[in-house]
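Here is a brief report on one protein model. Start with the sequence and the fold shown below, then read on for selected residues, the overall build and the cores.

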Amino acid sequence: NILAFLFTCIFFVGWWSAAINSEKVPHRGAFIFAALFYIIFSIATVLNNLRSSGAFSKIQYFLIIANTFFFFGMGLAIIDHWNIPFKGLFTVMLGIYNLIFASVLFKKFGLNRNAVYLLLGMTLTFATLTIPIQFKGNYITLFWACEAALLFWLAQKSKIEVFRWSAVIVQALMLVSLMMHWEHSYSSFKDSGEIIQLVFITGIVAVISLIYTYFLMRNVKEEKTFYGITFSPKLYGNFDLNLSNIGGYF
């Protein structure tokens with residue numbers, strides 16, 4: 001399985017490079033074959049584990065991640081060279097595939113919980129990547145603010161810790177993106193006489209997202225440990241409340 005995956009990647013990249021140099025690239029065929037390779041190896045890795053009913057090894061985890069991101073990278077390269085505006089759609093569909101894959105394997109075959117967490121994590125990764133790939137400017141921050149709030153709510157309802165930690169990462173990305181937009185918008189700011197501008201609305205939405213997180217966390221007392229890292233809802237909620245005060249002031 002490992003050798004088949006490795007040499008398929010080498011062969012496919014070699015063929016793709018030769019096709020580009022010859023300026024005769026069958027984009028549709030290239031994308032279909034990349035998708036077929038991805039599906040074959042994602043299923044093969046899981047089936048190989050289900051046969052033995054054991055925990056996933058480090059190599060199998062590596063194959064799942066490497067296979068997904070190889071297809072993601074090649075898919076974006078093909079779409080970019082094809083010059084069609086479907087990068088965002090491709091990223092979303094990859095996330096949906098991983099979500100359905102994880103759901104079916106967990107419900108029907110009792111797949112190892114850590115492997116399900118990995119597939120859910122990749123689903124959330126692609127959902128988050130879709131935003132900067134498809135959109136620009138303040139819309140990235142707006143979407144991340146809403147996504148972080150949604151993930152914290154899902155974590156509360158489902159008790160799945162991967163949602164909570166994903167929300168923390170997305171919220172951090174939201175804050176970095178917000179500060180970048182502030183710096184870009186106000187370092188060379190020209191007063192147009194308008195109070196309500198998009199960058200202002202973006203800041204307000206980000207503050208609301210932080211306050212909403214505080215209200216979700218304030219009544220949760222149970223601390224959770226995920227891969228050796230302990231999450232304190234009360235401490236994090238208070239941290240977000242302080243950030244919302246600072247953000248609101250700015």
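## A buried serine and its surroundings

Ser42 is buried, with a relative accessible area of 9%. That value falls in the buried class because the class takes residues under 20% relative accessible area. The model is predicted. Ser42 is found in helix α2.

What does the side chain of Ser42 reach? One partner is the backbone oxygen of Ile39, at 2.9 Å. Another is the side chain of Tyr97, with which the Ser42 side chain makes a polar contact of 2.9 Å. Leave aside neighbours within four places in sequence, and Ser42 is in contact with Asn67, Tyr97 and Phe101. Tyr97 therefore appears both in this contact list and as a polar partner of the Ser42 side chain, given that a polar contact is a pair of N or O atoms within 3.5 Å.

## Overall build

The protein has nine helices and two strands. Along the sequence, the pattern reads α-α-α-α-α-α-α-α-β-β-α. The C-alpha trace spans about 55 × 50 × 25 Å along its principal axes.

Of the 250 residues in the protein, 41% are buried. The protein exposes about 14600 Å², and carbon and sulfur atoms supply 69% of that area. Take the contacts between residues at least 6 apart in sequence: 67% of them join residues at least 24 apart. Charge is worth a look too. There are 17 positive and 10 negative charges, and their mean positions are 14 Å apart.

## The nonpolar cores

The largest nonpolar core holds 52 residues. Which members touch the most other members? They are Phe71, Phe90, Leu94, Leu119 and Phe152. Eight elements, running from α1 (2-21) to α8 (198-217), give two or more residues to this core. Among them are α2 (27-52), α3 (58-82), α4 (87-109) and α6 (138-158). Helix α5 gives the most, with ten residues. A second, separate core has five residues, including Cys9, Phe41, Leu63 and Ala66.

## Three more polar residues

Gln156 lies in helix α6. The residue is buried, with a relative accessible area of 16%. A polar contact of 3.3 Å joins its side chain to that of Arg164. Which residues does Gln156 touch, not counting those up to four places away in sequence? The list is Arg164, Leu216, Met217 and Val220.

Gln197 lies in the loop between α7 and α8. Gln197 and Trp182 are 15 residues apart in sequence. In space they are 12 Å apart, C-alpha to C-alpha.

Asn83 lies in the loop between α3 and α4. Asn83 has a positive phi of about 65°, although it is not a glycine.

Is each of these residues buried, partly exposed or exposed? The table gives the classes along with that of Ser42.

| Residue | Relative accessible area | Class |
|---|---|---|
| Ser42 | 9% | buried |
| Gln156 | 16% | buried |
| Gln197 | 21% | partly exposed |
| Asn83 | 67% | exposed |

Gln156 and Gln197 fall in separate classes because the buried class ends at 20%: Gln156 has 16%, and Gln197 has 21%. Asn83, at 67%, counts as exposed because that class takes values over 50%.

Methods. Residues are numbered from 1 along each chain as its sequence is written. This is a predicted model: local features need pLDDT of at least 70, side-chain atom pairs count only at pLDDT 80 or more; totals for chains, interfaces and linings use all residues. Side-chain values use heavy atoms; hydrogens and water are left out. A nonpolar core is a set of buried Ala, Val, Leu, Ile, Met, Phe, Trp, Tyr and Cys residues joined through side-chain atoms within 4.5 Å. Buried means under 20% relative accessible area, exposed over 50%, partly exposed in between (1.4 Å probe, protein chains only). Helices (H or I, at least four residues) and strands (E, at least two) are DSSP runs, numbered from the N terminus. A polar contact is a pair of N or O atoms within 3.5 Å; within protein, one must be able to donate a hydrogen and the other to accept it, and residues adjacent in sequence count only if both atoms are side-chain atoms. Contact means heavy atoms within 4.5 Å. Accessible areas come from the Shrake-Rupley method with a 1.4 Å probe; for residues, only the protein chains shown count as cover. Lys and Arg count as positive and Asp and Glu as negative; His and the chain ends are not counted. The place of a charge is taken as NZ of Lys, CZ of Arg, CG of Asp or CD of Glu.
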